[in-house]
Amino acid sequence: MAEWWEIKLNPKKLKKLLNDELVRIEDDAKYGYVHAFKVLAAGRYYMYLGDFEEGKKYILKAIEAKKKDIDTTIKERGYESEAVAINKVRLAKMYRWVGEMDKLKQECLEVVNIFRKIYEEGKKINRSLVLYPDSSHDFYVAWSAAEYYLGNYQMAVDVEKIYAKNTFGIVSSGLAEYILKNDAQALKNQIKILVEGIIEFKCAPNYDTNVYDPWHWYEEAKKIAGLPGIFSLFDPSPPTLPIQED
């Protein structure tokens, strides 16, 4: 019987998803392309099949591909742009999967002031990003994640308050709030919600990796709680808010 925090994946279906992704990656390679989201997906599939080293290899490929994407975006839009900030957070989250915490924090450190500046300047000119935050979900979700990973928990919570119109909320803001309140029961409830949502909507491990990314935050929440998971394999640091089982 599975534990309350476990999600049982079908290895046969997972292998099919992986093989399909590998075919797409191979086809891209014929034309000299490497798409970060495809190799990231393959990396996660490998990890959930238990092949962590192969998974890490593919996620490192995703990191290199994302870096190139960011370099291109910097040339097109400038460093202090919304697109660069969002993509640097996506890069930072990839580092989380292979335990490169210093690099994760460096990426987030480089962009939190960009997020804040864009928001403050947006208030002055009534940008839709400020007036209608629910239409700019990727901005607020990425901003909250960056604040969270730097330990700026109150700021992560404040970002979610700005974005309160969205019915889904922001998981990183919730995790930050539980840590601030030292509320292990709320963290446990959040993990249950993530588990139930992933199962109900049949989310594959690569589901919505650019925005809400439920599998990423599922692994993050387990890491905070001290429960077994992929992040714990690559990051031996102690849990932030351990859950005591009854």
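This report looks at one helix pair and one pocket in a predicted model.

**The helix pair**

Let's start with helix 10 (residues 184-200) and helix 11 (residues 214-225), which pack at an angle of about 150 degrees. Their axes sit 10 Å apart. Angles over 145 degrees count as roughly antiparallel, so helix 10 and helix 11 are roughly antiparallel to each other. As for handedness, helix 10 passes helix 11 in a left-handed crossing.

Who does the touching? On the helix 10 side, the contact is made by Leu187, Ile191, Leu194, Val195 and Ile198. Helix 11 answers with Pro214, Trp215, Trp217, Tyr218, Ala221, Lys222, Ile224 and Ala225. Sorted by class, that contact has 12 nonpolar residues, no polar ones and 1 charged residue.

**The second largest pocket**

Now for some empty space: the second largest pocket holds about 460 Å³. Its lining runs to 24 residues, and Val34, His35, Ala36, Phe37 and Ala65 are the ones that lie nearest the pocket centre. Helix 2 (36-48), helix 3 (52-77) and helix 4 (82-97) each put at least two residues into this lining. Which helix gives the most to the lining of the second largest pocket? That's helix 3, with 7 residues.

Here is how the two sets of residues split by class:

| Residue set | Nonpolar | Polar | Charged |
|---|---|---|---|
| Contact of helix 10 with helix 11 | 12 residues | no residues | 1 residue |
| Lining of the second largest pocket | 11 residues | 4 residues | 9 residues |

How values were computed. Residues are numbered from 1 along each chain as its sequence is written. This is a predicted model: local features need pLDDT of at least 70, side-chain atom pairs count only at pLDDT 80 or more; totals for chains, interfaces and linings use all residues. Side-chain values use heavy atoms; hydrogens and water are left out. Axes are lines fitted to C-alpha atoms, for helices over the stretch in contact, and angles run from 0 to 180 degrees between N-to-C directions. Helices (H or I, at least four residues) and strands (E, at least two) are DSSP runs, numbered from the N terminus. Angles under 35 degrees count as roughly parallel, over 145 as roughly antiparallel, 65 to 115 as roughly perpendicular and the rest as oblique. A crossing is left-handed if the near helix is turned anticlockwise from the far one by less than a right angle, and right-handed if clockwise. Contact means heavy atoms within 4.5 Å. Ala, Val, Leu, Ile, Met, Phe, Trp, Tyr, Cys and Pro count as nonpolar, Asp, Glu, Lys and Arg as charged, and the others, Gly among them, as polar. On a 1 Å grid over the protein atoms alone, a cavity is a set of points where a 1.4 Å probe fits but cannot get out, and a pocket is an open set with protein on both sides within 12 Å along at least five of seven lines; lining residues have an atom within 4 Å of a point. Grid points are joined across faces, edges and corners, and a volume is the space filled by probe spheres set on the points.
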